[in-house]
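Trainee: I have a new structure open and don't know where to start. Can we walk through it together?
Mentor: Sure, put it on screen and ask away.

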Amino acid sequence: MSSNSNVFFLLSLSMSLSLSVSLPPSFPPSGGLGQLGVGLAKRLRKRFGNKNVILSDIRKPPSHVFYSGPFIYSDILDYKNLREIVVNNRITWLVHYSALLSAVGEANVSLARDVNITGLHNILDIAAEHGLRLFVPSTIGAFGPTSPRNPTPDLCVQRPRTIYGVSKVHAELMGEYYHHRYGLDFRCLRYPGIISADSQPGGGTTDYAVAIFHDAVKTGKFECNLKPDTRLPMMYIDDCLRATVEMMEAPADTLSMRTYNINAMSFSPEELAQEVQKQLPDLEVTYDIDQVRQAIADSWPMNFDDSNARNDWGWKHDYDLPELVQTMLNYIGSDSRIAQTN
Ligand SMILES: NC(=O)c1ccc[n+]([C@@H]2O[C@H](COP(=O)([O-])OP(=O)(O)OC[C@H]3O[C@@H](n4cnc5c(N)ncnc54)[C@H](O)[C@@H]3O)[C@@H](O)[C@H]2O)c1
């Protein structure tokens, strides 16, 4: 697709999450940016032009987001409002990021059911009604204790035990159903835990893998809420956002499926801590297990088989564990040095 073709995105995006739930103690209580949405908008705007990508959320954007490109209020539970936005802005592609994540969803099941399931129904209907290309992310959390865990293939038993996982399996199946039934151009990637330096995670089970870097740089101490040997698939945010754009742009005839696993690396808290300690040898790591998060992690894949994505549309990650750790420490280190001198 050329960059001046008539493509308008609506990014039903994640910018910040406080809602009526509490975030894990190692993070700021609320505010700030959501983890993935703003970064994706930046990448898409660079690729397709600033005015062609509209960012939306139910929360008030911080000024640097508001002034960086078009932003509108949009509640995915309000179908008429969604339709008005799609029609008035001639939207052609829609990225649907709004969701309550795993730990937050368990703390508020009925809100998670509304946002993750009813909201998804609205998005699917809008996309089908207006012939949009639709991207919806899924997750390692769409698998459960009866799935093969090391590695987990694309097609296998999916019996997750969280409302988050149940809603994501529902999204995968409904999207594929709309594709086969109505020809909807539905595209879905199952993300592993995503690690980013400049945006905070929104209450998922893999959040520890972001928190360790901030705590290591700021206090030299980190208390982990998962057991040291809890192995989970992970990915640096740049790889995740690039995969998303590549999959959105992939010619339809290269997609043998509509929902793909993607992966980069797989590690446990103790392996991550050891890699960080190569750079910061004085880092002290202790463990205080959060039973809810541990039970969720114990039911999730330890490793992800993403060979179909690699074969079909050429998925390839750039960041392994050493590059991830170096990049995170460089970013957070320079950020905190700037903060100290200001
Ligand atoms: N971050 C990860 O590690 C990860 C891993 C796998 C999959 N995913 C998926 O990627 C997507 C984005 O994740 P994230 O970490 O950026 O999420 P996040 O928790 O940071 O943000 C979720 C956003 O949804 C918005 N929202 C809530 N209710 C809404 C409503 N009614 N209408 C409109 N917006 C609403 C919130 O305001 C918030 O900005 C999610 O679908 C998530 O399931 C994320």
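Trainee: Let me start with a strand. Is β10 mostly covered or mostly open?
Mentor: Mostly covered: five of its five residues are buried. Keep in mind that this is a predicted model.

Trainee: Which residues sit on which side of β10?
Mentor: Leu232, Met234 and Tyr236 are on one side. Pro233 and Met235 are on the other. Both faces are covered.

Trainee: Why do the residues split like that?
Mentor: In a regular strand, side chains alternate between the two faces of the sheet.

Trainee: What sheet does β10 belong to?
Mentor: An open sheet of three strands, in the order β8-β10-β12. The pairing is mixed. β8 (193-195) and β12 (265-267) stand at the edges, each with a single partner strand, so each has one side without a neighbour in the sheet. From one strand to the next, the twist averages 45 degrees.

Trainee: Mixed how? Which sense does β10 take with β12, parallel or antiparallel?
Mentor: Antiparallel, over three bridges. β10 covers residues 232-236. Leu232 stands opposite Phe267 in β12, and Pro233 stands opposite Ser266.

Trainee: And with β8, parallel or antiparallel?
Mentor: β8 and β10 pair in the parallel sense, again over three bridges. On that side, Gly193 stands opposite Met234 in β10.

Trainee: Which helix packs on this sheet?
Mentor: That is α8, which touches β8 and β10. The direction of α8 makes about 80 degrees with that of β10.

Trainee: Why say the length of α8 agrees with what is expected?
Mentor: α8 has 13 residues, 237-249, and at 1.5 Å a residue they should span 18 Å. The end C-alpha atoms are 18 Å apart, so the two agree.

Trainee: Which residues of α8 are buried?
Mentor: Ile237, Asp239, Cys240, Leu241, Ala243, Thr244, Met247 and Met248.

Trainee: Is there a general reason for spacings of three or four in a helix?
Mentor: An α-helix has 3.6 residues a turn, so residues three or four places apart point the same way.

Trainee: Let's try another helix. How far does α5 reach?
Mentor: α5 runs over residues 109-129, 21 residues in all. It reaches 29 Å from first C-alpha to last, close to the 30 Å expected. Its buried residues include Ala112, Val115, Leu120, Ile123 and Ala127.

Trainee: What follows α5?
Mentor: Gly131, with a positive phi near 60 degrees.

Trainee: Which residue other than glycine has a positive phi?
Mentor: Arg90 has one, about 50 degrees. Arg90 lies in the loop between α3 (79-88) and β4 (93-96). Arg90 counts as exposed because it has 11 C-beta neighbours inside 10 Å.

Trainee: While we're at α3, why is Asn81 called partly exposed?
Mentor: Asn81 lies in that helix, α3. It is partly exposed because 16 other C-beta atoms lie within 10 Å, and the partly exposed class falls between 12 or fewer and 20 or more. Leaving aside neighbours within four places in sequence, Asn81 is in contact with Ser74 and Asp75.

Trainee: Any odd peptide bonds? Which residues does a cis bond join?
Mentor: Asn150 and Pro151, with omega at about 5 degrees. Pro151 is in the loop between β6 (138-139) and α6 (163-182).

Trainee: Now the core. Which members of the largest nonpolar core touch the most others?
Mentor: Leu134 and Ile195, in a core of 86 residues. Beyond four places in sequence, the contacts of Leu134 include Leu94, Ile123, Leu184 and Phe186. Nonpolar side chains tend to be buried together in soluble globular proteins.

Trainee: Zoom out. How many helices and strands are there?
Mentor: 12 helices and 13 strands. Of the 342 residues, 45% are buried. Among contacts with a separation of 6 or more, 78% join residues 24 or more positions apart.

Trainee: What is the average pLDDT?
Mentor: 88, and 88% of the residues score at least 70.

Trainee: Where does it stay under 50?
Mentor: Over residues 1-6, for one, where the model has six contacts beyond four places in sequence. Residues 13-33 are also below 50, and that stretch has 52 contacts beyond near neighbours in sequence.

Note on methods:
Residues numbered from 1 in each chain as written. Core = buried A, V, L, I, M, F, W, Y, C linked by C-beta atoms within 7 Å. Contact = placed C-beta atoms within 7 Å. Helix = DSSP H or I, 4+ residues; strand = E, 2+ residues; numbered from the N terminus. Expected span 1.5 Å × (residues − 1). Pairing = 2+ DSSP bridges. Axes fitted to C-alpha atoms, helices over the stretch in contact; angles between N-to-C directions. pLDDT = per-residue confidence, 0-100.
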